[in-house]
Amino acid sequence: MPEVVGTETRCAVDVPVLRCDPICRDHVAIDLAVPGFPASEPGQFVQLRCCESGPTEPIEADWPADGFPSISDRQFASSQPFLRRPFSIADRWQHSDGAAGLRIISRTVGMGTRWLAHLRPTDTVNLTGPLGRGFAIPPPDVPLVLVGGGVGIPPLLYLARRLHEAGRTDVTAIFGAASRDLLPVRLSSEPATDGTARVCVDLPGAARYPAIVTTDDGSAGLPGMVTAALRAWHSRRAGRGAPAMVCACGPQAMLWAVAQQTRQLGLRCQLCIERVMGCGIGTCLSCVVRVRDANQAAGWRWALACTDGPVFSRDELLDDGGKAPA
Ligand SMILES: Cc1cc2nc3c(=O)[nH]c(=O)nc-3n(C[C@H](O)[C@H](O)[C@H](O)COP(=O)(O)OP(=O)(O)OC[C@H]3O[C@@H](n4cnc5c(N)ncnc54)[C@H](O)[C@@H]3O)c2cc1C
Ligand code: FES
């Protein structure tokens with residue numbers, strides 16, 4: 001039985017891997033069983049230790065008062081990642097024994113994610129979470145559009161489950177990838193090539209929301225980018241109903257394009273951003289981002305993506321669209 005350490009709202013724990021299956025050319029879905037996992041929101045993330053758990057050998061080193069410790073490259077460089085890696089919660093469900101089922105969808109890009117991709121049932125992984133601030137769900141009359149690009153899609157899957165459980169019906173997904181074999185979701189049927197939203201993507205739980213799929217090379221769905229699909233979706237609505245809220249996650253360039261487009265279209269918008277995260281808990285300052293603050297002389301201040309985000313309202317962020325202050 002894994003030991004849960006920490007406060008009521010966060011845990012650090014070794015958890016069993018239930019399965020690790022490929023979803024596409026470079027993404028795997030990893031299901032974990034986490035007893036006592038605290039309440040979590042879509043958009044929050046966990047930090048995974050991407051190497052064997054267990055005590056590591058201490059290194060003895062001289063540390064002269066006027067210099068640096070003498071540690072050789074060989075001692076310092078390791079074949080295992082030293083820092084934990086952040087991953088969005090891609091889904092959460094309840095097991096019959098009360099443990100939370102958690103899904104992580106990982107794109108293999110380097111040392112840590114390569115280790116994750118080779119996990120097998122019976123392996124364990126050390127997890128800290130849930131961390132950060134998730135999406136704020138708007139009132140029931142506000143239509144929602146979930147815009148995800150590539151590895152930004154996972155938190156929107158968990159969001160789709162939660163919206164379905166909350167009885168939300170006016171929800172559309174717009175999911176894009178470079179090509180069909182890089183989509184980190186399974187297609188339940190062929191997506192439309194003209195940008196029509198249809199039920200074609202496997203969403204978690206019983207969520208059956210219509211989706212527009214885009215690929216840069218046209219190998220699935222609408223050829224082009226998610227912003228073209230968002231524009232098409234908006235013009236089809238032709239001002240019907242309340243202005244929608246866009247919840248977006250994906251590469252930075254995509255997020256800034258979505259930020260600008262939603263402004264032009266008069267839509268509200270939340271962005272789930274990615275930064276290199278050393279600790280995930282607000283101590284290392286590797287994840288700083290500028291947010292507007294009228295109380296500061298400069299009109300902005302630093303915030304931490306790991307604790308103030310990773311989800312921000314579009315209008316909080318200063319740097320969207322690359323417009324940095326002078
Ligand atoms: C809040 C948050 C949520 C995330 N959710 C997911 C997710 O659900 N699924 C997923 O696959 N990935 C996610 N990521 C990105 C993931 O954390 C990185 O891909 C991972 O840390 C890479 O580890 P690695 O050891 O395999 O790569 P490394 O060997 O550390 O690096 C390999 C390459 O990836 C780049 N890289 C490493 N970390 C990041 C990062 N944070 N942002 C951008 N580029 C990076 C490096 O610059 C390098 O080029 C998330 C990141 C954040 C901050
Ligand atoms: S990741 Fe360390 S402060 Fe945010």
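Biologist: How do you know how many disulfides the structure holds?

Modeller: This is a predicted model, and the structure holds zero disulfides. The count rests on a cut-off: a disulfide is a pair of cysteine sulfur atoms within 2.5 Å.

Biologist: What makes you say that Cys 247 is in no disulfide?

Modeller: The nearest cysteine sulfur to that of Cys 247 belongs to Cys 269 and is 7.8 Å away. A pair has to lie within 2.5 Å, so Cys 247 is in no disulfide.

Biologist: Why is Cys 247 called buried or exposed?

Modeller: Its relative accessibility is 2%. Buried means under 20%, so Cys 247 counts as buried.

Biologist: And what makes Cys 284 buried, exposed or partly exposed?

Modeller: Cys 284 has 37% relative accessibility. The value falls between the cut-offs of 20% and 50%, and therefore Cys 284 counts as partly exposed.

Biologist: Where is Thr 172, and which residues does Thr 172 touch?

Modeller: Thr 172 is in strand E9, which covers residues 171-177. Leaving aside residues up to four places away in sequence, Thr 172 touches Leu 144, Val 145, Leu 146, Ala 197, Pro 210 and Trp 233.

Biologist: Why is Thr 172 called buried?

Modeller: The relative accessible area of Thr 172 is 5%. The limit for buried is under 20%, so Thr 172 is buried. For the protein chain as a whole, 49% of the 326 residues count as buried.

Biologist: How do helices H4 and H5 lie with respect to each other?

Modeller: The axes of H4 (residues 226-237) and H5 (residues 252-265) come within 10 Å and cross at roughly 20°. Angles under 35 degrees count as roughly parallel, so H4 is roughly parallel to H5. The crossing of H4 and H5 is right-handed.

Biologist: Which residues make the contact between H4 and H5?

Modeller: From H4 come Val 226, Thr 227, Leu 230, Arg 231 and His 234. The H5 side includes Met 254, Ala 257, Val 258 and Gln 261.

Biologist: How many helices and strands does the protein chain have?

Modeller: The protein chain has five helices and 16 strands. Of the contacts between residues at least 6 apart in sequence, 67% join residues at least 24 apart.

Biologist: What is the mean pLDDT of the protein chain, and where is the pLDDT below 50?

Modeller: The mean is 89, and 89% of the residues reach 70 or more. Over residues 1-8 the pLDDT is below 50, and this stretch has 14 contacts in the model beyond near neighbours in sequence.

Biologist: Why not read those contacts closely?

Modeller: Where pLDDT is low, the predicted coordinates should not be read in detail.

Note on methods
Residues are numbered from 1 along each chain as its sequence is written. Chains are lettered from A and ligands numbered from 1 in the order in which they are written. This is a predicted model: local features need pLDDT of at least 70, side-chain atom pairs count only at pLDDT 80 or more; totals for chains, interfaces and linings use all residues. Side-chain values use heavy atoms; hydrogens and water are left out. pLDDT is the predictor's confidence in each residue, from 0 to 100. Contact means heavy atoms within 4.5 Å. Buried means under 20% relative accessible area, exposed over 50%, partly exposed in between (1.4 Å probe, protein chains only). Axes are lines fitted to C-alpha atoms, for helices over the stretch in contact, and angles run from 0 to 180 degrees between N-to-C directions. Helices (H or I, at least four residues) and strands (E, at least two) are DSSP runs, numbered from the N terminus. Angles under 35 degrees count as roughly parallel, over 145 as roughly antiparallel, 65 to 115 as roughly perpendicular and the rest as oblique. A crossing is left-handed if the near helix is turned anticlockwise from the far one by less than a right angle, and right-handed if clockwise.
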